[in-house]
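Trainee: I should like to go through the contacts in this model and to understand the grounds for each term. May we begin once the structure is in view?

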Amino acid sequence: MPSKDIKMNDSFNLQNNLSPAKRLKAFDWRNYIVYIAFVGVIIYFSITLHDEGFLTTSNLLNIARQTAMISIMGVAMTFVISTGEIDLSVGSITALASLTAALALQAGLGLFGGIAAGLGTGLAIGIINGLLITKVAIPSFLVTLGMMGIVKGLAMWITDTAPVPIVHSTFNFLFGSGDIGSIPILLIWTLIITIIGHIILKKTAFGRQTLATGGNEMAAKFSGVKTSKIKFLVFVGSGLMAGFAGMLYAGRMHAGRYTFGEGDELSVIAAVILGGTSLFGGVGTVIGTVIGSLMIGTINNGLIIMGLDVSQQMIVKGLIIILAVAFGRKTLKK
Amino acid sequence: MEQPLLSMEGISKSFNGIKVLDSVSFSLRKGEVHALMGGNGAGKSTLMKILTGVYQADEGEIFIEGKKVSINDTEDAKRNYISMIFQEFSLVPTLTVAQNIFLTREPKNAIGILNDKECIAKTKELLKELEVDINPTDIIGNLGVGYWQMTEIAKALSQNAKILIMDEPTSSLTKKETEILFNFINKLKKKGISIIYISHRMDEIFQICDRITILRDGKKIATESCDEITMETVIQHIVGADLDKAFEWKERFYSIEGTPILEVKNLSSGTKVRDISFRLYPGEILGVAGLMGSGRSEMVRAIFGIDPIDGGEIFVKGKKHTIKSPTDAIAAGLALIPEDRRMQGLILQHSVKENIILPILSKIKKGVFLDERKANKIAEQFVERLNIKTDDIFKTAGLLSGGNQQKIVLAKWLANNPDILILDEPTIGVDIAAKTEIIDIIRELADSGKSILVISSELPELLAVSDRIIVVHEGRVVKELKRKEIDSEEVLQHAIQGY
């Protein structure tokens with residue numbers, strides 16, 4: 001081989017022994033904008049809302065509870081967006097899954113019946129999405145836009161818009177209402193899903209192939225990556241996690257209801273993009289997504305404590321999202 | 001003598017201290033079709049980029065109708081009646097012919113509402129004048145490629161272009177479309193439009209051009225009238241006498257007996273691959289020559305399972321394989337270094353390491369997880385073995401030079417240890433130093449027992465590495481030559497031109 005040992009990469013060796021100063025220079029703060037922004041938001045509210053109890057444990061745990069569903073769906077959405085696709089149906093899936101789980105429990109199918117109904121709903125819709133996108137080759141935006149309407153319609157139709165109460169206390173405890181010690185079970189679920197998602201994306205061949213598919217689908221295909229299979233699986237995962245989020249809504253509210261998860265798809269996508277995942281695919285981070293979700297939740301929480309009304313909250317939230325993404329962009333136009 | 005419409009005098013241009021154009025002069029008469037020929041890297045496209053304002057010359061002057069002009073951007077070029085007809089056409093496929101021709105210059109009324117009627121009428125008039133049979137209201141995407149080009153030309157002429165530059169205009173056209181285009185060019189000549197015609201196709205040039213200018217290594221070798229020069233002379237001028245030392249051929253020894261490692265029988269796929277058969281033996285380097293559009297790249301795509309195979313059979317080590325996807329091809333022991341490394345070979349925003357390990361992810365697992373340490377080790381090994389110049393394996397692939405990017409693509413496939421390597425234009429857009437390195441790598445791979453199929457438009461390179469060469473023309477293998485039997489590039493040139 002023409003490795004020409006001596007000539008071989010002087011620069012390579014040199015760069016390996018970067019001085020600390022140079023290392024710092026190589027550090028691109030833009031990659032960490034969401035973490036910086038998150039810390040900034042916490043510090044800001046800690047100071048301005050100190051007397052109103054922003055920094056109390058109970059308030060912080062409350063934020064964790066409120067953001068759990070968005071975080072969990074965000075983990076799966078990170079994979080979808082990393083392949084360069086989008087899933088708009090997740091909000092509607094949570095609504096339908098909360099109802100199917102509630103109905104199964106009401107019918108006396110027991111805890112596992114309820115879980116199977118909730119997860120099964122998400123899984124089935126995820127499979128249909130995946131098949132339409134990969135086999136029929138319809139763009140994911142259109143498939144999931146259509147599915148968003150269909151599933152929402154089903155959720156309204158199935159009980160004629162009536163909520164279905166859940167009296168199964170174990171279900172309610174496990175999926176939303178419970179605390180273990182003083183730790184809300186929703187926080188535990190968020191942690192578990194985040195860790196699993198992070199490991200799959202960063203440490204497995206599937207994760208690598210997901211990023212490759214979104215980075216350059218043609219090159220990935222040329223490299224033997226089964227890009228259709230990858231895309232199918234990320235939609236199945238997204239559906240499944242939306243179903244799971246639906247169960248968490250149901251357990252938290254002790255009921256299934258068609259209004260659950262309304263508009264969640266946009267919050268989820270915002271969390272993913274805010275976290276640093278590229279809307280065009282190829283770059284993705286699960287941890288970033290969850291921090292993004294927590295940041296949106298924290299802003300919400302802080303604004304409520306500040307006494308801003310809903311209209312003002314929406315404006316401030318929108319501004320912060322745009323600013324964070326704008327600062328995070330690597331290619332700022334001159 | 002009549003004053004030329006365009007004359008470029010003493011044009012020189014260097015990139016990074018390397019002279020790519022050395023005092024080149026070029027002139028174009030009114031109503032003339034002037035061919036510009038030369039091998040890859042001869043300086044044709046740089047010269048044209050200077051004429052269209054993409055680059056600025058370091059030295060030299062440009063005159064239009066005897067007046068000195070300075071062309072600093074494409075707007076200047078337009079102002080000086082110069083228009084490039086793009087190979088990858090710059091038309092919007094979803095708009096009509098008329099909408100495309102008047103894009104950004106649409107006739108409007110006083111309050112800015114588009115006047116479609118006038119737009120269509122003007123287009124009709126224009127097309128009638130050019131004697132082109134296209135309906136102004138046809139959607140571009142529904143027309144054949146041949147008509148796209150004519151629309152593009154009509155668009156240029158409606159902007160008062162007098163000098164058209166056409167780069168390999170027939171490469172994506174059928175024979176019939178080519179004929180129509182040539183008729184059209186003849187009409188343009190009569191109207192006094194001048195055309196600079198860049199092509200490798202000798203027969204077409206002798207059919208349509210008035211004069212030929214040949215460049216080699218950034219220097220003008222000759223400008224001759226087509227009536228006074230023979231094809232032999234042109235080929236000699238293009239090739240030159242002295243070939244680079246690195247490109248010297250060395251005879252290699254391998255056995256051509258026994259079972260071929262890859263055998264393709266009567267392969268057909270799409271419209272470009274009609275009937276291709278060949279055999280590749282273990283340890284052999286088989287060169288594939290052919291013009292752009294001859295079907296050579298499409299052949300590779302079919303073999304690798306990217307394009308569907310319509311007919312024919314593929315045998316690997318004597319066993320028949322049905323290859324329906326790249327995954328099947330990889331499983332059969334094949335690897336493809338594709339023609340367009342930026343689009344097909346690399347994920348540019350990912351690191352050197354991520355790119356190298358992509359095809360072998362399933363082989364570097366520890367349980368269900370990726371073995372990062374092993375991955376790093378493999379990536380580092382190949383960076384060293386192929387002398388890839390990068391700060392470290394975590395550097396973004398898109399930031400490296402063309403030659404180093406190509407080596408990443410090579411590394412990626414070598415890591416998978418294939419039996420058969422297919423390289424499509426392995427040195428395109430690569431500097432000369434990296435080029436010789438890549439040629440060395442190809443030779444050493446074959447010496448280590450790999451079998452290699454090399455497709456290239458660069459004949460010196462093809463002659464340097466190949467043990468045998470097959471020539472593809474219009475989707476068929478028209479000739480097979482042992483390297484020993486080829487004593488000059490001219491022989492191969494003739495074969496490629498279809499003689």
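Trainee: Why is the pair B:Glu372 and A:Arg208 called a salt bridge?

Mentor: The model is predicted, and in it the closest N and O atoms of B:Glu372 and A:Arg208 are 2.5 Å apart. The term requires a side-chain nitrogen of Lys or Arg within 4 Å of a carboxyl oxygen of Asp or Glu. The Arg and Glu here, with N and O atoms 2.5 Å apart, satisfy that limit and therefore form a salt bridge.

Trainee: How many salt bridges are counted between chain B and chain A?

Mentor: The count is two salt bridges. For polar contacts, the count between these chains is nine residue pairs, both residues being at pLDDT 80 or more.

Trainee: Which elements of chain B supply the side that touches chain A?

Mentor: Those giving two or more residues include helix H10 (326-331), helix H12 (352-357), strand S18 (369-370) and helix H15 (432-447) of chain B. The largest share, five residues, comes from H13(B), a helix that spans residues 372-385.

Trainee: What makes up this side of chain B by residue class?

Mentor: It divides into 22 nonpolar, seven polar and 14 charged residues.

Trainee: How is the size of such an interface expressed?

Mentor: It is often given as the accessible area lost when the parts come together. Chain B and chain A bury about 3,100 Å² between them, with 61% of it on carbon and sulfur atoms. The contact takes 43 residues from chain B and 33 residues from chain A.

Trainee: Turning to chain B alone, what domains does its assignment give?

Mentor: Domain 1 covers 6-239 and domain 2 covers 245-496. Their C-alpha centres lie 34 Å apart.

Trainee: With the centres 34 Å apart, how do you know that the two domains are in contact?

Mentor: Contact is judged on heavy atoms within 4.5 Å, so the distance between centres does not decide the matter. Twelve residues from domain 1 of chain B and eleven residues from domain 2 of chain B take part in the contact. The two domains bury about 1,000 Å² between them, 57% of it on carbon and sulfur atoms.

Trainee: How many salt bridges and polar contacts are found between these domains?

Mentor: The count of salt bridges is zero, and zero residue pairs in polar contact are found across the interface, where both residues must be at pLDDT 80 or more. On the side of domain 1 that touches domain 2, the largest share, four residues, comes from helix H8 (residues 231-239) of chain B. By class, that side of domain 1 has three nonpolar, five polar and four charged residues.

Note on methods:
Residues are numbered from 1 along each chain as its sequence is written. Chains are lettered from A and ligands numbered from 1 in the order in which they are written. This is a predicted model: local features need pLDDT of at least 70, side-chain atom pairs count only at pLDDT 80 or more; totals for chains, interfaces and linings use all residues. Side-chain values use heavy atoms; hydrogens and water are left out. Domain bounds come from an automatic or database domain assignment. Buried area is the accessible area (1.4 Å probe) that two parts lose on being put together, summed over both. A polar contact is a pair of N or O atoms within 3.5 Å; within protein, one must be able to donate a hydrogen and the other to accept it, and residues adjacent in sequence count only if both atoms are side-chain atoms. Ala, Val, Leu, Ile, Met, Phe, Trp, Tyr, Cys and Pro count as nonpolar, Asp, Glu, Lys and Arg as charged, and the others, Gly among them, as polar.
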